[in-house]
Amino acid sequence: MKVTMLILLLCLVLAVSARGGAGGRGGGGRNSGGRSSGGRSAGGRSSGGSRGGSRSIGTSRSAPSRSISRAASKSHARAPAKPAVRNPPRVQPRPAAPKPSFRAPPKLQPKPAPPRPVSPSKPISKPKAPSPPKVVPKPQPKPAPPKPVTPPKPITKPAPAKAPSPPKAPTPPKVVPKPQPKPSVAKAAVKTPVKPVVAPVNVQKAVPVKVETKPPTGSVTVNQNFASNGVKKISVDANKNVFQSKDGKHSVDVNAQATKIQSKAQGNPKTDVTVGGQYSYNTDKTSITASANGKPRQGVDLNVDASHTVLQSKNGRHSVDVTASAAKHVGGEQGTTKTDLTMGGQYKYNNDKTQVTASANTKPGQGVDLKLGAEHNVWQSANQRHSIVGNAEVSKHMGGPLGNEKAQVDFGGKYKYEGDKTQFTAGVNGSPGKGATASVEARHNLYQSVDKRTRVDVSGGVSQQIGGPSGNSRPDANIGISLTHDLP
């Protein structure tokens with residue numbers, strides 16, 4: 001804008017100077033061509049022309065004023081009136097002169113147009129300079145990561161410097177440890193480690209517990225029994241598992257038993273020895289057992305028992321099984337007997353407190369034996385050691401040479417106590433018209449080894465028949481002691 005204003009001012013000055021020059025020239029021409037005595041007039045008008053030029057600077061349109069002044073000056077001579085008419089056309093070109101002067105500025109405008117100084121606007125390329133700064137930030141982020149890496153290093157350096165300061169801080173904590181020795185809690189802590197000293201002893205006991213997880217493969221039991229009627233009985237029982245499959249379904253056991261009974265009437269009889277073996281097959285639904293037991297010079301007894309579950313409810317409470325068994329004696333004084341076959345079926349119901357069993361078994365040509373039994377837990381203590389159980393059973397034989405027999409009903413109840421070392425049972429069982437039998441039995445563990453494989457138990461019992469056709473009998477008491485050792 002300043003440049004354009006300067007240009008316009010220059011244009012105006014040029015235009016004014018151009019007018020002044022033109023007016024002076026025109027005045028001189030007329031004075032010389034008008035009158036010979038133009039000495040004065042030339043002098044006067046030239047000066048007037050110069051004045052007119054000076055006025056033209058004040059006003060942009062001075063041409064009409066000059067024409068009027070000239071007309072007034074020439075009006076004194078009538079003849080020059082004609083030239084007055086001619087003057088207007090001359091006057092018109094004069095004002096036209098300023099027009100080109102005004103046109104000139106636009107021509108001059110292109111000169112400022114070379115705001116080629118605007119070319120200094122090339123420094124506007126300086127905004128391009130920010131583009132390099134864009135490159136600068138790119139390297140900046142790269143140095144940024146190293147900066148965080150460097151700060152940890154100085155952190156480590158000042159850390160040792162700060163290390164001296166913490167020792168000053170510990171001075172107040174010194175007051176804290178002073179109250180710590182005052183409480184005797186530390187002494188109690190010293191006493192507590194003394195208690196764990198007992199724990200290792202328990203650990204030693206726990207070691208044999210692990211042995212318990214492995215079931216024994218056999219056992220040996222020696223039992224000495226004394227009866228109130230003077231009969232003494234001593235027996236030795238032994239059994240051993242000699243084979244078992246990896247899946248636990250197949251197993252083979254051997255067993256042996258030796259029994260000797262002494263009484264005043266029999267004197268000192270021989271020892272009765274029985275030796276045998278047994279094969280077992282067990283699955284979730286099927287079980288088969290085959291055994292052979294014999295006595296010297298008395299032959300061998302062969303037995304096969306099998307059962308299979310044909311139906312079982314989802315909750316496992318109801319089940320239906322089929323059973324079969326075969327028995328035969330071979331050799332000895334009796335010789336070989338016929339095979340005794342028994343077939344049947346059984347229904348079972350079991351829950352937490354009640355068990356019900358219904359069975360039917362038959363032998364070819366000997367009719368059918370029917371039996372229905374039930375047992376119910378009437379009461380049980382919270383610790384499950386004390387309980388009272390009631391039971392009932394109905395049996396009947398049908399068909400065969402004996403024909404149909406009357407149903408026989410047995411019922412009773414018993415009290416049970418089961419402790420860690422002691423077991424006790426007292427019960428009564430009877431049937432209508434036949435009286436009842438009352439019995440009491442007990443067993444107590446006197447000794448048990450650390451590994452629980454060896455134990456010594458004492459047992460005893462008393463039984464008596466009450467009522468019935470024969471009336472009350474004398475109590476029959478017995479007491480015994482047994483030593484049992486489980487084989488690894």
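This is a short tutorial dialogue on reading strands, salt bridges and exposure in a predicted model.

User: Let's start with strands. Which strand does S12 pair with, and in which sense do they run?

Analyst: Look for bridges that join one strand to another. Strand S12 (residues 408-418) is joined to strand S13 (residues 422-431) by eight bridges, and the two run antiparallel. With three residues between them, S12 and S13 form a hairpin.

User: What comes after S13 in this pattern, and how many bridges are there?

Analyst: S13 also pairs with strand S14 (residues 435-448), in the antiparallel sense, over ten bridges. These two strands form a hairpin as well, with three residues between them. In that turn, Gly-433 has a positive phi of about 80°.

User: Can we follow a single residue across the strands? Which residues stand opposite Thr-425?

Analyst: Thr-425 is a nice one to click on. Lys-416 stands opposite Thr-425 in S13, and in S14 the bridge partner of Thr-425 is Glu-441. As a general idea, side chains in a regular strand alternate between the two faces of the sheet.

User: Now salt bridges. How many does a search of the whole structure find?

Analyst: The search finds five. One of them joins Lys-295 and Asp-272, with the closest N and O atoms 3.1 Å apart. This pair links distant parts of the chain, 23 residues apart: Lys-295 is in the loop between strands S5 and S6, and Asp-272 is in strand S4.

User: Where do Arg-385 and Asp-420 lie?

Analyst: Their side chains meet in a salt bridge (3.5 Å, N to O). Arg-385 lies in the loop between S10 and S11 and Asp-420 in the loop between S12 and S13, so the pair ties together parts that are 35 residues apart in sequence.

User: Is Asp-457 buried or exposed?

Analyst: Buried means under 20% relative accessible area. Asp-457 has 10%, so Asp-457 is buried. Its salt-bridge partner is Arg-443, with the closest N and O atoms 3.8 Å apart. Arg-443 counts as partly exposed because its relative accessibility is 36%.

User: Let's finish with His-318. What does its side chain make a polar contact with?

Analyst: The side chain of His-318 makes that contact with the side chain of Tyr-347, at 2.8 Å. His-318 lies in strand S7 (residues 318-330). Leaving aside neighbours within four places in sequence, the residues in contact with His-318 include Leu-311, Lys-348 and Tyr-349. The C-alpha atoms of His-318 and Lys-348 are separated by 5.8 Å, although these residues are 30 residues apart along the chain. His-318 has 32% relative accessibility, so it counts as partly exposed.

Conventions:
Residues are numbered from 1 along each chain as its sequence is written. This is a predicted model: local features need pLDDT of at least 70, side-chain atom pairs count only at pLDDT 80 or more; totals for chains, interfaces and linings use all residues. Side-chain values use heavy atoms; hydrogens and water are left out. Helices (H or I, at least four residues) and strands (E, at least two) are DSSP runs, numbered from the N terminus. Buried means under 20% relative accessible area, exposed over 50%, partly exposed in between (1.4 Å probe, protein chains only). Contact means heavy atoms within 4.5 Å. A polar contact is a pair of N or O atoms within 3.5 Å; within protein, one must be able to donate a hydrogen and the other to accept it, and residues adjacent in sequence count only if both atoms are side-chain atoms. Two strands pair if DSSP finds at least two bridges between them. A salt bridge is a side-chain nitrogen of Lys or Arg within 4 Å of a carboxyl oxygen of Asp or Glu.
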